[in-house]
Amino acid sequence: MTDRSTSEPFLDGFQRMLADAAGTGRRLTREEIQSRRAHGARAAEDGHDWRSLVRAHLAAGREGWPRGADPSGVLTVVEQALDAFADGYESAQRLVIRKEEAARREFIDDLLHGRGDPGQLAARSERFGLRLSRAHAVAVAAGPVEYDETDPVPRRVADELFGRFENRRILFTTKHGRMVCIAPGDQDEVLTHFAMQAYAAAGQLQIAVGRPRPGPVGIGHSYEEALNALEVAQRMGLDEPLLRAADLLVFPVLARDRLALVDLVHSVLGPLERARGGAQPLLATLTAYFDSGCVAAAAARRLSLSVRALTYRLERVHHLTGADPGHRYTLQTAVIGARLLNWPARPLHPTDGPA
């Protein structure tokens, strides 16, 4: 809090200026106005409170009120002086805010992409409310609309998030049009609340949560996991609003060996291309069947088919591939691989893998 003693450097010359200008009835000169602006800028750069600075000016004005001066003339000079002081203060404050935001953005970029020395990242993190000695997890909300932090939706989400968890060490930002929340790894309720608020504010969003990871580098890994989970959801047609990377680990494992995945899909599902109408209808049947827990009635409802029609399609799969859908492991793994490879829409080649 700024008091009179700490305000003195910024009041320098104010009473003298007031007495001289009010006594003669003149207005402040250009040099006097510029000096008040310079004092205001310095006060903002030093982080002084605006309300206390105004109180200090008014108190100094009362003490230095010229005897016998016209009150209207004195108040005009005070108004001029404070207006110039405010102009300098606000201009410097905007510059400070821009610099702070640039530093914050640079820190977030380094953190999410694992750039910079871990020790320096940890030192910088305290300034932005994180303690990188702890494990952290990252949640990413993505949808058809891209956002930055000035848009109404991210502002609403941030207000709700910090309104509930104002004392938690969390970080909210936007990155490449997505909303991002970083929270301590043992505070899953923060990321769950972020997901709920993001979905409520925007709708048509998917929110992916990476696993908790320790240290500065761990945040970048958790962020990449969340992004990969969103990509997998898009490839696999997963429409759940909340995705957890820990529940989707099978997909990056499968995609890691691209040649093996292509070979599996080609060997197991390639014969479906001989079916009338191509492979896609039978592949869609297998997908619905496995997604329904191998319950024929539920799969038939998903496809708007009769159970008899669904059973016939499964028999065709068995006949063409030689694989029984009832013995699901190899066939289901191949179906997952086909979705990752976008087959049959994208032809298989020996060097292919997920794009």
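The following exchange takes up how certain labels in this predicted model are justified.

Reader: Why is R328 called partly exposed?

Author: R328 has a relative accessibility of 32%, and because the partly exposed class lies between the 20% limit for buried and the 50% limit for exposed, R328 counts as partly exposed. The residue lies in helix α15, which covers residues 328-341, and once neighbours within four places in sequence are set aside, R328 is in contact with F290, G293, C294 and T333. The C-alpha atoms of R328 and L286 are separated by 9.9 Å, with their positions 42 residues apart along the chain counted as sequence separation.

Reader: What makes L286 a notable member of the largest nonpolar core, and which residues share that place?

Author: The largest nonpolar core has 60 residues, and L286 is listed with I182 and L269 as those with the most contacts inside it. Helix α9, residues 215-236, gives the most to this core, with nine residues. As for I182, leaving out residues up to four places away in sequence, the residues it touches include L111, L130, H136, V138, I170 and I219.

Reader: Which residues belong to another core, lying apart from this one?

Author: Another core, of 23 residues, lies apart from it, and among its members are Y147, L161, M179 and A195.

Reader: How do you know that the span of helix α3 agrees with its number of residues?

Author: Helix α3 covers residues 30-45, and at 1.5 Å a residue its 16 residues should span 22 Å; the end C-alpha atoms are 23 Å apart, so the two values agree. The buried residues of α3 are E32, I33, R36, H39, G40, A41, A43 and A44, and what covers them includes α2 (14-24), α4 (50-63) and α5 (71-112). Just after α3, G47 takes a positive phi of about 80°.

Reader: Why is P66 called buried?

Author: The relative accessible area of P66 is 12%, and because buried means under 20%, P66 is classed as buried. The residue lies in the loop between α4 and α5, where P66 touches L18, A19, A22 and V74, not counting residues up to four places away in sequence. By contrast with these contacts, P66 and A200 are 61 Å apart in space, C-alpha to C-alpha, and 134 residues apart in sequence.

Reader: What makes Q204 exposed, and where does this residue lie?

Author: Q204 has a relative accessible area of 66%, and since exposed means over 50%, Q204 is exposed. Its place is the loop between α8 (188-202) and β4 (206-209), and Q204 has a positive phi of about 50° although it is not a glycine.

Reader: Why does S304 count as exposed?

Author: S304 reaches 67% relative accessibility, and because the class begins over 50%, S304 counts as exposed. S304 lies in the loop between α13 (296-303) and α14 (307-321), and its phi is near 55°, a positive value in a residue other than glycine.

Reader: Why are N228 and E224 called partly exposed?

Author: N228 has a relative accessible area of 40% and E224 has a relative accessibility of 35%; because partly exposed runs between 20% and 50%, N228 is placed in that class, and E224 is placed there too. Helix α9 holds N228, and helix α9 also holds E224. The C-alpha atoms of N228 and L249, 21 residues apart along the chain, are separated by 10.0 Å, while E224 and R27, which are 197 residues apart in sequence, are 61 Å apart in space, C-alpha to C-alpha.

Reader: What makes up the lining of the second largest pocket, by class and by element?

Author: The lining has 13 nonpolar, five polar and six charged residues. The elements that give two or more residues to this lining are α9, α12 (280-291) and α15, and α12 gives the most, with seven residues. Of the 24 lining residues, M236, G237, T287, D291 and R339 lie nearest the centre of the pocket, and about 410 Å³ of space lies in the pocket.

Reader: How do you know that the peptide bond from W343 to P344 is cis, and where is P344?

Author: The omega of the bond from W343 to P344 is near 15°, and the bond is cis; P344 has its place in the segment after α15.

Conventions:
Residues are numbered from 1 along each chain as its sequence is written. This is a predicted model: local features need pLDDT of at least 70, side-chain atom pairs count only at pLDDT 80 or more; totals for chains, interfaces and linings use all residues. Side-chain values use heavy atoms; hydrogens and water are left out. Helices (H or I, at least four residues) and strands (E, at least two) are DSSP runs, numbered from the N terminus. Buried means under 20% relative accessible area, exposed over 50%, partly exposed in between (1.4 Å probe, protein chains only). Contact means heavy atoms within 4.5 Å. A nonpolar core is a set of buried Ala, Val, Leu, Ile, Met, Phe, Trp, Tyr and Cys residues joined through side-chain atoms within 4.5 Å. On a 1 Å grid over the protein atoms alone, a cavity is a set of points where a 1.4 Å probe fits but cannot get out, and a pocket is an open set with protein on both sides within 12 Å along at least five of seven lines; lining residues have an atom within 4 Å of a point. Grid points are joined across faces, edges and corners, and a volume is the space filled by probe spheres set on the points. Ala, Val, Leu, Ile, Met, Phe, Trp, Tyr, Cys and Pro count as nonpolar, Asp, Glu, Lys and Arg as charged, and the others, Gly among them, as polar. The expected span of a helix is 1.5 Å times one less than its number of residues.
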